[in-house]
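User: Let's go through this one by question and answer. Here's what we're looking at.

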Amino acid sequence: MIARIGRLAVVVIGLAALASAGTITFGLDGDPGQNYTFVPIGAPNGVTDTEPAGPYPGWLGQNIPADAGYFFCISFLKTATFGASYDGTITTPSTLEELEAAFLGADLVSLGGQNAPLAEKGAISMAIWQITDPTPGDVPRDPAAQPYVTAAQNAYATGNLSAADFPNTTIFVPDNTGIQTFMLAAAESLPGKSISGNELSATPEPTGIVLIVTGLCLICLSRIKMAKRATK
């Protein structure tokens, strides 16, 4: 079954899949059944659009658990087939569109990735498609995607996005130019750059750690005092 499948990949995969500097294989698993329906901007009354929202289960390198992950595609008008595999090469985000898409991918990771609500996955999928293919008429405009598009564009325009911000994000470019390009969006440390309200940082700030430790100490002291009172 041929499907236009969205563009961003949410996942952490085995390092073995990324080690090769030459040709690498990417494969899609079965259709996850994530059909996302919305009313496009400017559509006549009663007209809706349904697209298969990412992320999609797949693998990069070998079809083994260590190389498995979840992926979005980043070329709306091209095709890919669930259950098929493709040879190609890997790179990292560098263009304006790739950096903005990686930003949205990291935000989806902060929302739970594959476990995020379909509404979030669908809106972010459509936002990434719109960013990577801005030609009017190519990608249906989803109203729910527009805040994500604007936030990603603003982050880039204000100089807050660079290639150095996405060391864990990988892009798979197929040798066959008719096949979609896929982006593996992993968790990135982007404090203060969240769209959804969840700070995109994998580790707590030092002050947060101090407060947590202090709180735990106070709880322990309180319990010790209560235990002493109970034994009197």
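User: By class, how many nonpolar, polar and charged residues does the lining of the largest cavity have?

Analyst: Quick caveat: this is a predicted model, where local features need pLDDT of at least 70 and side-chain atom pairs count only at pLDDT 80 or more, while totals for chains, interfaces and linings use all residues. Residues are numbered from 1 along each chain as its sequence is written, and side-chain values use heavy atoms, with hydrogens and water left out. A cavity is a set of points on a 1 Å grid over the protein atoms alone where a 1.4 Å probe fits but cannot get out, and lining residues have an atom within 4 Å of a point. With Ala, Val, Leu, Ile, Met, Phe, Trp, Tyr, Cys and Pro as nonpolar, Asp, Glu, Lys and Arg as charged, and the others, Gly among them, as polar, the split is 8 nonpolar, 1 polar and no charged.

User: Which elements give two or more residues to that lining?

Analyst: The lining residues are F26, L60, F71, T170, I171, F172, F182, M183 and L184. Strands here are DSSP runs of E, at least two residues, numbered from the N terminus. The elements with two or more residues in the lining are β10 (170-174) and β11 (182-185).

User: How do α1 and α2 run, roughly parallel or roughly antiparallel?

Analyst: Helices are DSSP runs of H or I, at least four residues, and axes are lines fitted to C-alpha atoms over the stretch in contact, with angles from 0 to 180 degrees between N-to-C directions. α1 and α2 (residues 118-132) pack at about 175 degrees, axes 9 Å apart. Angles over 145 degrees count as roughly antiparallel and those under 35 as roughly parallel, so α1 and α2 are roughly antiparallel.

User: What about α1 and α3: which word describes their angle?

Analyst: The axes of α1 (residues 96-110) and α3 (residues 146-157) come within 9 Å and cross at roughly 120 degrees. Roughly perpendicular covers 65 to 115 degrees, and whatever fits none of the named ranges is oblique. That's why α1 is, relative to α3, oblique.

User: How do the residues of the α1 contact with α3 divide by class?

Analyst: Contact means heavy atoms within 4.5 Å. From α1, L96, L99, E100, F103, L104 and D107 meet Y148, A151, A152, Q153, A155 and Y156 of α3. That gives 9 nonpolar, 1 polar and 2 charged.

User: Which bond joins G54 and P55?

Analyst: P55 sits in the loop between β5 (49-52) and β6 (56-60). Omega between G54 and P55 is about 5 degrees, and the link is a cis peptide bond.

Key
On a 1 Å grid over the protein atoms alone, a cavity is a set of points where a 1.4 Å probe fits but cannot get out, and a pocket is an open set with protein on both sides within 12 Å along at least five of seven lines; lining residues have an atom within 4 Å of a point.
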